[in-house]
Amino acid sequence: MAVDSEADAEIRVPDLVEPVVGWRVWLVVDRVGEVRLRSVVYPTLWEPRVETLAECVHLKRHPPRSWRVGFSNHSAPSSRCDCGIYAARELADGVHYLRASDAPGADVLGRVFGRVSLWGSVVESERGWRGSHAYPEHLYVPRGRTTNGRDTDDIALALTAYGVSVEILDCATREEVVRALGGGSNGDRAPEPPLAE
Ligand SMILES: [Zn+2]
């Protein structure tokens, strides 16, 4: 890899006026009585009617050091890092995180998925994109993926606070979702490693 300490020298897609739209999964969490979306891997909360901004968690965990050129100070997403807000090109990749079950007793109410708009700085990869700015575009609430006694319909109603279409789907698994939404034959293929969050 070329050694380059100038963050400005990164290869980026020019700032996008038109967002790209891909698929992703969110946790649904209870925040002091309010239903909110949260990223699955990192504790990023997505507030209603506010764009979510990416930041590099690696920089938080590992402050830049002169010998770690690849982690020099940068804004997210960076083409040389894995930071940024993820969206998958294919539905089957995007709903990977529907597989996991959530520990009872936490503030997690369940998992939903949907289409997300990314804009600003966007880095494209083979299976999707990482963006600097994001907001849900369409939310799907799979029936049977909610916990902690919350009713699917209640969660779907609460998520209308985001001001986008919210649909309830009568499917609980990734495979059922892919079949229901016409994601092609991907539901039958071998499992693939997930996109990072
Ligand atoms: Zn980064």
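This is a guided tour of a predicted model, arranged as a series of selections to make in the viewer.

**The whole chain, coloured by confidence**

Begin with everything selected and coloured by pLDDT, which averages 80 over the protein, with 72% of the residues scoring at least 70. Select residues 1–12, where pLDDT stays under 50 and where the model has 15 contacts beyond four places in sequence. Residues 185–192 are another stretch with pLDDT below 50, and beyond near neighbours in sequence the model gives this stretch seven contacts.

Now switch to a cartoon view, in which four helices and eight strands can be picked out. Followed along the sequence, these elements come in the pattern β-β-β-β-α-β-α-β-β-α-β-α. Of the 197 residues, 35% count as buried, and among contacts with a separation of 6 or more, 68% are between residues 24 or more positions apart.

**From β1 through the hairpin to β4**

Select V32, which sits in the loop between β1 and β2 and has a positive phi of about 50° although it is not a glycine. V32 counts as exposed because its C-beta neighbours inside 10 Å number 6.

Continue to strand β2 (residues 34–38) and strand β3 (residues 45–46), which run antiparallel and are joined by two bridges. The connection from β2 to β3 is a hairpin of six residues. To find the pairing on screen, select L37 together with W46 in β3, which stands opposite L37.

A little further on, select R49 in the loop between β3 and β4 (52–53). R49 is not a glycine either, yet its phi is positive, at about 60°. R49 is exposed, since 9 other C-beta atoms lie within 10 Å of its own.

**The cis peptide and strand β5**

Move next to the loop between α1 (57–61) and β5, where P77 is found. Show the backbone atoms here, as the bond joining A76 and P77 is a cis peptide bond with omega of about 0°.

From there, go on to β5 (85–88) and display its side chains. In a regular strand, side chains alternate between the two faces of the sheet. In β5, I85 and A87 point one way while Y86 and A88 point the other way, and all of them are buried. Then add β7, with which β5 pairs in the antiparallel sense over four bridges; one place to look is A87, whose bridge partner in β7 is W129.

**The nonpolar core**

Which residues have the most contacts inside the largest nonpolar core? That core has 43 residues, and the ones to select are W26, V28, V95, V141, I155 and L159. At least two core residues are supplied by each of β1 (13–31), β2, β5, α2 (91–94), β6 (108–125), β7 (128–142), α3 (152–159) and α4 (174–180). The element that gives the most to this core is β6, with seven residues.

Keep V141 selected and expand the selection to its contacts. Leaving aside neighbours within four places in sequence, V141 is in contact with V112, T152, I155, A156, L159, V166, I168 and L169.

Several of these partners lead into helix α3, in which I155, A156, A158 and L159 are buried. These four residues lie on the same side of α3, because they cover an arc of only 160° around the axis. An α-helix has 3.6 residues a turn, so residues three or four places apart point the same way.

**Two pairs distant in sequence**

Two pairs of C-alpha atoms remain to be checked with the viewer's distance tool. For the first pair, select A106, whose place is in the loop between α2 and β6, and which counts as exposed because it has 12 C-beta neighbours inside 10 Å. Although A106 and V29 are 77 residues apart in sequence, their C-alpha atoms are 8.6 Å apart in space.

For the other pair, select E175 in helix α4, a residue that is partly exposed, with 17 other C-beta atoms within 10 Å. The C-alpha atoms of E175 and L98 are separated by 9.7 Å, and these residues are 77 residues apart along the chain.

Methods. Residues numbered from 1 in each chain as written. Pairing = 2+ DSSP bridges. Core = buried A, V, L, I, M, F, W, Y, C linked by C-beta atoms within 7 Å. Buried ≥ 20, exposed ≤ 12 C-beta atoms within 10 Å, placed from the backbone. Contact = placed C-beta atoms within 7 Å. Arc of directions from axis to C-beta. pLDDT = per-residue confidence, 0-100.
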